[in-house]
Amino acid sequence: MRHGKKVNHLGRKTAHRKAMLANMACSLIEHKRINTTVAKAKALKQFVEPLITKSKAGNNVSAEKGTHNRRIVFKNLRDKNAVTELFSVVSEKVADRPGGYTRIIKLGNRLGDNADMAMIELVDFNELYNAGKPKKKSTRRSRRSGGNNAEAATEVKETKVVQEAQPETESQTDNEVKADDSKE
């Protein structure tokens with residue numbers, strides 16, 4: 001029985017596994033996304049997310065804490081450039097995110113050995129995926145009903161109706177242009 005055995009050994013000895021995860025984490029920080037197997041991606045997620053949390057500015061308020069966290073991260077990554085990138089660029093981008101800094105997307109099977117492949121990426125660096133989603137408002141709403149909310153709701157409905165009407169007129173003008181081209 002495998003009670004309490006949470007570490008996936010990935011078919012490697014401890015030193016090899018730690019070195020591989022450190023190299024993969026450095027590549028992830030440098031390139032913002034990498035392709036690997038699903039098992040390695042899951043192991044890398046567990047390895048790199050605590051390091052990203054240590055790099056956030058909220059955890060490095062005092063100089064002593066900042067230096068301590070930087071040394072802990074350097075002990076795990078063993079790459080000065082990756083640590084600098086993590087504490088400057090990555091930590092600014094993920095400052096307001098309370099965890100869940102990476103995303104694993106399954107890609108299918110590899111041709112050579114049919115291994116399950118995945119892409120692991122830093123969530124805040126994918127502009128294509130995040131472009132369609134508006135940022136959530138962090139305002140709290142009360143349960144009390146007020147007269148202002150009813151007026152605001154009608155204004156929102158009116159703006160939606162106006163926005164829906166505009167694309168129809170654009171498509172009509174496109175059809176008219178196509179009709180003019182066909183007459184010539």
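At the start of α4, a side-chain oxygen of Asp-79 comes to within 3.4 Å of the backbone nitrogen of Asn-81. The model is a predicted one. Helix α4 covers residues 80-93, 14 residues in total. At 1.5 Å a residue, a span of 20 Å is expected. The end C-alpha atoms of α4 are 20 Å apart, which agrees. The helix nevertheless carries a kink of about 35°, centred on Leu-86.

Leu-86 is also one of the buried residues of α4. The others are Ala-82, Val-83, Phe-87, Val-90 and Ser-91. An α-helix has 3.6 residues a turn, so residues three or four places apart point the same way. The cover over the buried residues of α4 includes α1 (14-31), α2, α3 and β3 (116-122).

The packing of α2 against α4 can be described in turn. The two helices pack at an angle of about 85°, and their axes lie 9 Å apart. Helix α2 is therefore roughly perpendicular to α4. On the α2 side, Leu-51, Ile-52, Lys-54 and Ser-55 take part. They meet Leu-86, Phe-87, Val-90 and Ser-91 of α4.

Asn-60 sits in the loop between α2 (38-55) and α3 (63-77). Its relative accessible area is 16%. Buried means under 20%, so Asn-60 counts as buried. The Asn-60 side chain reaches the backbone oxygen of Ser-55 at 3.4 Å. Leaving aside residues up to four places away in sequence, Asn-60 touches Lys-54, Ser-55, Lys-65, Gly-66, Asn-69 and Phe-87. Among these, Lys-54 and Ser-55 belong to the α2 side of the contact with α4, and Phe-87 to the α4 side.

Conventions:
Residues are numbered from 1 along each chain as its sequence is written. This is a predicted model: local features need pLDDT of at least 70, side-chain atom pairs count only at pLDDT 80 or more; totals for chains, interfaces and linings use all residues. Side-chain values use heavy atoms; hydrogens and water are left out. Helices (H or I, at least four residues) and strands (E, at least two) are DSSP runs, numbered from the N terminus. Buried means under 20% relative accessible area, exposed over 50%, partly exposed in between (1.4 Å probe, protein chains only). A polar contact is a pair of N or O atoms within 3.5 Å; within protein, one must be able to donate a hydrogen and the other to accept it, and residues adjacent in sequence count only if both atoms are side-chain atoms. Contact means heavy atoms within 4.5 Å. The expected span of a helix is 1.5 Å times one less than its number of residues. The bend at a residue is the angle between axes fitted to the seven residues ending there and the seven starting there. Axes are lines fitted to C-alpha atoms, for helices over the stretch in contact, and angles run from 0 to 180 degrees between N-to-C directions. Angles under 35 degrees count as roughly parallel, over 145 as roughly antiparallel, 65 to 115 as roughly perpendicular and the rest as oblique.
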